Amino acid sequence: MHPTYTPILKARWGELRALAEVDSAGRNTITPLIDVPPLPQADPDDAEEGDPAPRRNPFPTMAERLSGAWAQTGPVWIDTGALGPDDYEFGDPHGYFVREAADSGLRLVPVVRSNPRSAERISSLGFRNGVVARLRSADFAVQVSDVLARVASDTGVVAADTDILIDLGSVPADAGESTYFTARQMLLALPPRGWRSVTLAASTFPENLGMITGAGEARLPRGEWALWRRIRARSDWGFEVQFGDYGVSHPAFPAFGRTGPPSLRYTAGDVFLLVKRRRASETQPFPYRDLARYVVSTPEYQRYGPSFSWGDGELARLAAQLEKGKGGKGWGGAKEWRKIGTSHHLAVVVQDIFGG
C-alpha cells in the first residue's frame, strides 16, 4: 500500500487555503481529513473583532474551498459528525459536497463514527469510494470488532475498501508511557481483516497560547510525532501504521467570536515554536510585520528557509515588505497566518516521513 500522511484539518479558510498550496510531492503522499465544524458557522477569522459570528449557511463556501484545494488530486476524507440535528436548516450539507465533488473531481471518502445513525446521516455522500471508520477510545471499551461489523453492515463496504483511523484526540504533551500503552492496546485489538489503511492520529498541540503572557514565545515537544515513531519501530502489527495529526491546531473546535492576538505556530523537527505578539497599538501599529521579521531571524526558520514551502516564502515576503501593499493591504491577519503555519507544517511532515 502507498504510504500516506493524514492531517486532520478544520474546514476553515486558513487550513483549506494551505491545502491548496501543497506541492506535487505532498499531493502524492497526503490524504487530508476535513472536519466540518458545528454551527453556528461563520469562520471566526472572518468575523469583525469583538463581534459574535453570525449564523449563516457555510456549506457551499466550504465545498467550493475544498474543491479548489484538492480537486483532481487524491482522496479526501470528510467528517460531518460534529453537526448537530438542527444544523440542517440550510438543507442537507452533504448534498453540497456531493455536487461539488461531481463538478470538480473531488474524490470524497465519508467518515463514519460509531454512532448507529452516523452512516444513515451521511448516506447521501455515497460509499463508492469506500469509507473511513473513525475510532476513539470508547470504541475499544467494547468489542471493536462489533463496532466495525456494524459499520460494514450499515455502509455495505468491505474491509478492503475501509480505512481505519484510530483517533486519540488530545494527549498529554509528553505522550509518554500511558499514551503509548493506550495506542498499543488499540492497535492490538484491531481485527486483522485486510483494511485499506490503518492510521494513528493524535495531537499534543495546546488549546490556546495562554502559556505565553504578553509578547513572547514557547517551544513545545511534538508528542504525537514521537509517539508515532515509537509505534512505527514495532514491526509486528500485521499492517503498516500511517501517521495522522491535527496540524497546528488543538483537536477541539475553537469558540466563535473574538480572534486571538498576532501569533505563529511553526513546526520545527520535534518541537512546535509558538510566537505571540501584542495586538496593534499606537506604539506598535504593525504587529504582524514585526512578527514576520522576528520569525525569519530564528534558528527554526533558518533551518528551512524561504523556498521550503509556500508559507515559508510568504514569511520572507512579509518580512521584506516595507509598506502596506496595494489597496492598503498590510501583513495579513489571523486566517492568513494560520494558512502560513499550516502550509509549513504539512511540508515538514511530508519531508520527515517521505523525504520529499
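Select S170 and S203: in β7, the bridge partner of S170 is S203. Helices (H or I, at least four residues) and strands (E, at least two) are DSSP runs, numbered from the N terminus. This is a predicted model, in which local features need pLDDT of at least 70 and side-chain atom pairs count only at pLDDT 80 or more, while totals for chains, interfaces and linings use all residues. Residues are numbered from 1 along each chain as its sequence is written, and side-chain values use heavy atoms, with hydrogens and water left out.

**Strand β7 and the barrel**

Extend the selection to β6 and β7, which run parallel and are joined by six bridges. Two strands pair if DSSP finds at least two bridges between them. Next, select residues 197-203, the whole of β7. Is this strand buried or exposed? Seven of its seven residues are buried, so β7 is largely enclosed by the rest of the structure. Here buried means under 20% relative accessible area, exposed means over 50%, and partly exposed lies in between (1.4 Å probe, protein chains only). S197, T199, A201 and S203 point one way from β7, whereas V198, L200 and A202 point the other way.

Now display the strands β1 to β7 together with β9. These eight strands close into a barrel with parallel pairing, in the order β1-β2-β3-β4-β5-β6-β7-β9. On average, neighbouring strands of this sheet are turned by 25° against each other, direction ignored. Axes are lines fitted to C-alpha atoms, for helices over the stretch in contact, and angles run from 0 to 180 degrees between N-to-C directions.

Within the barrel, select residues 33-35 (β2) and 75-79 (β3), which pair in the parallel sense over three bridges. I34 stands opposite I78 in β3. Then add residues 144-155, helix α6, which packs on the sheet and touches β4 (107-112), β5 (131-135) and β6 (162-170). The direction of α6 makes about 150° with that of β5.

**Helix α4**

Select residues 93-104. Helix α4 has 12 residues and reaches 17 Å from its first C-alpha to its last, close to the 16 Å expected at 1.5 Å a residue. The expected span is 1.5 Å times one less than the number of residues. Which residues of α4 are buried? They are P93, H94, G95, Y96, F97, A101 and S104. The buried residues of α4 pack against α3 (59-70), β3, β4 and α5 (118-121). After α4 comes G105, whose phi is positive, near 90°.

**The cores**

In soluble globular proteins, nonpolar side chains tend to be buried together. A nonpolar core is a set of buried Ala, Val, Leu, Ile, Met, Phe, Trp, Tyr and Cys residues joined through side-chain atoms within 4.5 Å. The largest such core has 64 residues, and those with the most contacts inside it are I34, L66, F97, L108, I164, L168 and I231. Helix α3 gives the most to this core, with six residues.

Return to I34 and display its surroundings. Leaving aside neighbours within four places in sequence, I34 is in contact (heavy atoms within 4.5 Å) with L9, A11, L16, L19, L66, V76, W77, I78 and D79. A second, separate core of 20 residues includes V275, L315, A319 and W337.

**The open sheet**

Select β8, β11 and β10, which form an open sheet in that order with antiparallel pairing. β8 (216-221) and β10 (263-268) stand at the edges, each with a single partner strand, so one side of each is left without a neighbour in the sheet. Neighbouring strands of this sheet are turned by 15° against each other on average, direction ignored.

Six bridges join β10 to β11 (residues 271-276). R265 stands opposite L274, and L264 stands opposite V275. The two strands form a hairpin with two residues between them, and G269 in the turn has a positive phi of about 65°. On the β8 side, P221 has V271 as its bridge partner in β11. Five of the six residues of β11 are buried, so this strand is largely enclosed by the rest of the structure.

**Confidence**

Finally, colour the model by pLDDT, the predictor's confidence in each residue, from 0 to 100. The mean pLDDT of the protein is 90, and 92% of its residues reach 70 or more. Over residues 46-52, pLDDT stays under 50. Where pLDDT is low, the predicted coordinates should not be read in detail.
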